[in-house]
Amino acid sequence: MDPIAYIIIGLIAAAVIALVFTNIRVVPQSKAYVMERLGAYSETWDTGLHIKVPFIDRIAKIVSLKEQVVDFDPQPVITKDNVTMQIDTVVFYQITDPKLYTYGVERPISAIENLSATTLRNIIGELELDSTLTSRDTINAKIRVILDEATDPWGIKVNRVELKNIIPPREIQDAMEKQMKAERERREAILRAEGEKQSKILVAEGHKESKILEAQADKQSAILAAEAVKEAKIREAEGEAEAIAKVQHANAEAIKMLNEANANDAVLKLKSLEAFAKAADGQATKIIIPSELQGLAGLAEGVIESVKK
């Protein structure tokens, strides 16, 4: 064969091999390729190795299946009480159907932005300023539901919508700052009054407790003093009783000795005279002597003589 023919065959083979290699595609993870054949949708390539037909198949769109985030510029909205504010939103979405995403709508992100702005105006227009500032979760949920339903034909699922910033007019911000300052001062005054009240309550309870302890101490002291007086009186009475008992015992012994000595009437009368003599040693100014003792002086000598014998 002619060498030129070999060269031509080699060039053709090289061209075929190069053409095959250039039409081999490896679809990575979290990607999808939307394929067209002769200008019409043919299939969607998932992750893996694929070969397209040269000059017939073409990749219409490479779609990311990851969740994506788009931050839209602030949009002017008017509340129910005619307050104009700026609100910017953040939308978290994910492409679930690459075919619908490719052929469903032209510039889908721009469509989502315009749809979110329109939905936001409709929702905020039904709320007053205070409700708008305090109902972020409700507004987010409403926007998400509406966007998810509207973007479903486009192969897009809206997972979450967040109001990033709500910027009211400058005069409204100044009024809100003054209101917040007044509220903080009011809370501070309330806390201070509560603290003073609690302090007074604690001081009063401390005084009350002190009085109770003092009264208990006085009561205990009085009880101890009364018990001491009682003990002293008991001991004094016991001493007096013991003294009386000793006196009675001595008298009984004296009488017993007189009886054992067979004392006569004269001796007994003499003892009576001694008793009156002891009585005369006291503070009395007058002593009445019984008539039967008046002649005792004369008998005393006789008794003494009798005793000596």
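This is a short talk on the overall make-up of one protein model and on some salt bridges in one of its helices.

Hi everyone, thanks for coming. Please keep in mind that the model is predicted.

Let's start with the whole chain. The protein has 309 residues, and 20% of them are buried. Its secondary structure comes to 8 helices and 9 strands. If you take the contacts with a separation of 6 or more, 61% of them link residues 24 or more positions apart. As for the surface, about 22,000 Å² is exposed, with carbon and sulfur atoms supplying 57% of that.

Now to the charged side chains. There are 9 salt bridges in the count, and I'd like to show you some from helix H6, which covers residues 170–260.

Look at Glu183 to begin with. Its side chain meets that of Arg186 in a salt bridge, at 2.5 Å from N to O. Glu183 also forms a salt bridge with Arg187, where the closest N and O atoms are 3.2 Å apart. Why are these partners about one helical turn apart? Because in helix H6 Arg186 sits 3 residues from Glu183, and Arg187 sits 4 residues from Glu183.

How accessible are the three? Glu183 is partly exposed at 27%, Arg186 is partly exposed at 44%, and Arg187 is exposed at 52%.

A little further along, Arg192 and Glu188 form a salt bridge with the closest N and O atoms 3.0 Å apart. They are both in helix H6, 4 residues or about one turn apart. Going back to the earlier trio, salt bridges with shared partners join Glu183, Arg186 and Arg187 into one network.

That's my tour, thanks for listening!

Notes
Residues numbered from 1 in each chain as written. Predicted model: local features only at pLDDT ≥ 70, side-chain atom pairs only at ≥ 80, totals over all residues. Heavy atoms only, no water. Helix = DSSP H or I, 4+ residues; strand = E, 2+ residues; numbered from the N terminus. Buried < 20%, exposed > 50% of the residue type's maximum accessible area, 1.4 Å probe, protein only. Contact = heavy atoms within 4.5 Å. Areas by Shrake-Rupley, 256 points an atom, 1.4 Å probe, with all protein chains shown as cover. Salt bridge = Lys/Arg side-chain N within 4 Å of Asp/Glu carboxyl O.
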